[in-house]
Amino acid sequence: MTATVAQQKYEIKDINLAPGGRQRIEWAGREMPVLRQIRDRFAQEKPFEGLRLVACCHVTTETAHLAIALKAGGADAVLIASNPLSTQDDVAASLVADHGIPVYAIKGEDAETYNRHVQIALDHRPNIIIDDGSDVVATLIQERQDQLADIIGTTEETTTGIVRLRAMFKDGVLTFPAMNVNDADTKHFFDNRYGTGQSTLDGIIRATNLLLAGKTVVVAGYGWCGKGTALRARGLGANVIVTEIDPVRSIEAVMDGFRVMPMTEAAAHGDLFITVTGNKHVIRREHFENMKDGAIVCNSGHFDIEIDLKSLESMATEVKEVRNFTQQYCLSNGKSVIVLGEGRLINLAAAEGHPSAVMDMSFANQALACEYLVKNKATLEPGLHSIPTEVDQEIARLKLVAMGINIDTLTDEQVEYMNSWTSGT
Ligand code: ADE
């Protein structure tokens, strides 16, 4: 239901959930010192004064801190969900009630509601779009060409969104700058690897209470998310198999100590399957057919397309909800396959997403990328832009200081050596 508090529109589950959300947001803030410093500076300098901003993110305690920082910087910000199952309803309520930020997000919203929220966000006529998966930018380009003149630029959070932006640029339709937050070192080395690794296992365990020790876990994809997931599954005692299509990553996985094989082979071995490829139908009919009875499948890639659920449905005689976020598909061959979180991001559907300590760096990148867009709007060309190295390094420096860790600096002699070529063997 769309409601109004003091003229402010919002669409959330229940405004009365705000006190619980406020408490959890405060808790997350303890682990987000870098974003806190940026927020304090934004509050002084107001880099977004007079600008309209849309953030399409997972509505979590960590995103709350990003939204609060942007608002402190003067942004007229609206927040919508980047996934139908990832919203934390208490956080959405607190953002509305305690921070005056309009939020359109309800956990479990259907596709029609999700798309309507994207339209509401675009009705805000944003100058800046923070996207996670590129749904707002794709809709803007396809349906709101008249609003392109308002756009300063976008920032993109995730690998899937970057892939889409590259395709848009190739097709000549990305006519404004897009900051590639995902590929910043202080983002993907930590968020994609350690964030996805820990939170994916967390989501699986919360949904199933499964003992990982001794289980065979098949991780599909050995990008940064796959690396983190495989590492953490092994840490819990699982025997990990990796499936890949990239030969270099496959060697990496082998030398990291994992078995590597095609999914057709892995299908018969796995007790638990986790997809993190960013591609579609990575697990499909031919794989379901060969799985053990009771095999569990889930996804931690951005979209719910990695597991071919339509095929699984067509093979099923019955689908039963056996626990929260846990559906058992009984197949005509007498076996069953368990699907977690409807094939959506299991770390956000059944758990709370990446821990605050990594989101601190990811969202520091987001906040500084927005500022960079504003400061450089006169000169930035359309297309994808890397986060400047100085920004990446500064985030790492701030994080180290907050962690109480000192590191070495180069001596003058070392600086000179690193800049010379004359001395060799
Ligand atoms: N993506 C993954 N984890 C997240 C979190 N905790 N908050 C926002 N976006 C996320």
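Leaving aside its neighbours within four places in sequence, which residues is T216 in contact with? The list is N239, I241, R259, H269, G270, D271 and L272. T216 sits in strand β9, which spans residues 216–220. T216 counts as buried because its relative accessibility is 11%, and buried means under 20%. This is a predicted model.

**The nonpolar cores**

The largest nonpolar core holds 54 residues. Within this core, F48, L53, V103 and I128 touch the most other members. Helix α15, residues 356–375, gives the core its largest share, ten residues. A second, separate core has 24 residues, and I204, V242, L272 and I296 are included in it. In soluble globular proteins, nonpolar side chains tend to be buried together.

L53 shows what surrounds a core member. Beyond four places in sequence, L53 is in contact with L70, A75, D76, A77, V78, H124, I128, I130 and C370. L272 also turns up twice here: this residue belongs to the second core, and it is in contact with T216.

**The ligand site**

Which residues are around the ligand? They are H58, T60, E62, T63, L348, E352, G353, H354, M359 and F363. By class, this shell divides into three nonpolar, five polar and two charged residues. Two helices, α3 (61–72) and α15, each supply at least two residues of the shell. Helix α15 thus has a part in the shell and in the largest core.

The table lists distances to a nitrogen atom of the ligand.

| Residue | Protein atom | Distance to a ligand nitrogen atom |
|---|---|---|
| T60 | polar side-chain atom | 2.7 Å |
| E62 | N or O atom in the side chain | 2.9 Å |
| H354 | backbone N or O atom | 2.8 Å |

On its own, the ligand has 260 Å² of accessible area, and the protein covers 95% of that.

**D360 in helix α15**

D360 lies in helix α15. Is D360 buried or exposed? D360 is buried, because its relative accessible area is 0%. Its side chain reaches the backbone nitrogen of L35 at 2.8 Å. Not counting residues up to four places away in sequence, D360 touches E31, M32, P33, V34, L35 and K399. L35 is therefore one of the residues that D360 touches, and the buried state of D360 follows from the 0% value. From D360 to A349 the C-alpha separation is 20 Å, with their positions eleven residues apart in sequence counted as the distance apart.

**T154 and Q119**

T154 is placed in strand β7, residues 153–156. T154 counts as buried because its relative accessibility is 1%. Leaving aside neighbours within four places in sequence, its contacts are I129, D131, V137, F176, P177, A178, M179 and L373.

Q119 is in helix α5, residues 111–123. Q119 counts as partly exposed, because its relative accessibility is 24%. Beyond four places in sequence, Q119 touches T139, E143 and R144. With E143 there is a polar contact: the two side chains are joined at 2.7 Å. Q119 and T139 are 20 residues apart along the chain, and their C-alpha atoms are separated by 8.2 Å.

**Two residues with positive phi**

Most residues other than glycine have a negative phi, and most peptide bonds are trans. Where does N209 lie? N209 is in the loop between α8 (185–208) and β9. N209 is not a glycine, yet its phi is positive, about 60 degrees. N209 counts as exposed because its relative accessibility is 60%, and exposed means over 50%.

F325 is another non-glycine with a positive phi, about 65 degrees. F325 lies in the loop between β14 (316–323) and β15 (326–331). With a relative accessible area of 28%, F325 is partly exposed.

Key
Residues are numbered from 1 along each chain as its sequence is written. This is a predicted model: local features need pLDDT of at least 70, side-chain atom pairs count only at pLDDT 80 or more; totals for chains, interfaces and linings use all residues. Side-chain values use heavy atoms; hydrogens and water are left out. A nonpolar core is a set of buried Ala, Val, Leu, Ile, Met, Phe, Trp, Tyr and Cys residues joined through side-chain atoms within 4.5 Å. Buried means under 20% relative accessible area, exposed over 50%, partly exposed in between (1.4 Å probe, protein chains only). Helices (H or I, at least four residues) and strands (E, at least two) are DSSP runs, numbered from the N terminus. Contact means heavy atoms within 4.5 Å. A residue is near a molecule or strand if one of its heavy atoms lies within 4 Å of it. A polar contact is a pair of N or O atoms within 3.5 Å; within protein, one must be able to donate a hydrogen and the other to accept it, and residues adjacent in sequence count only if both atoms are side-chain atoms. Accessible areas come from the Shrake-Rupley method with a 1.4 Å probe; for residues, only the protein chains shown count as cover. Ala, Val, Leu, Ile, Met, Phe, Trp, Tyr, Cys and Pro count as nonpolar, Asp, Glu, Lys and Arg as charged, and the others, Gly among them, as polar.
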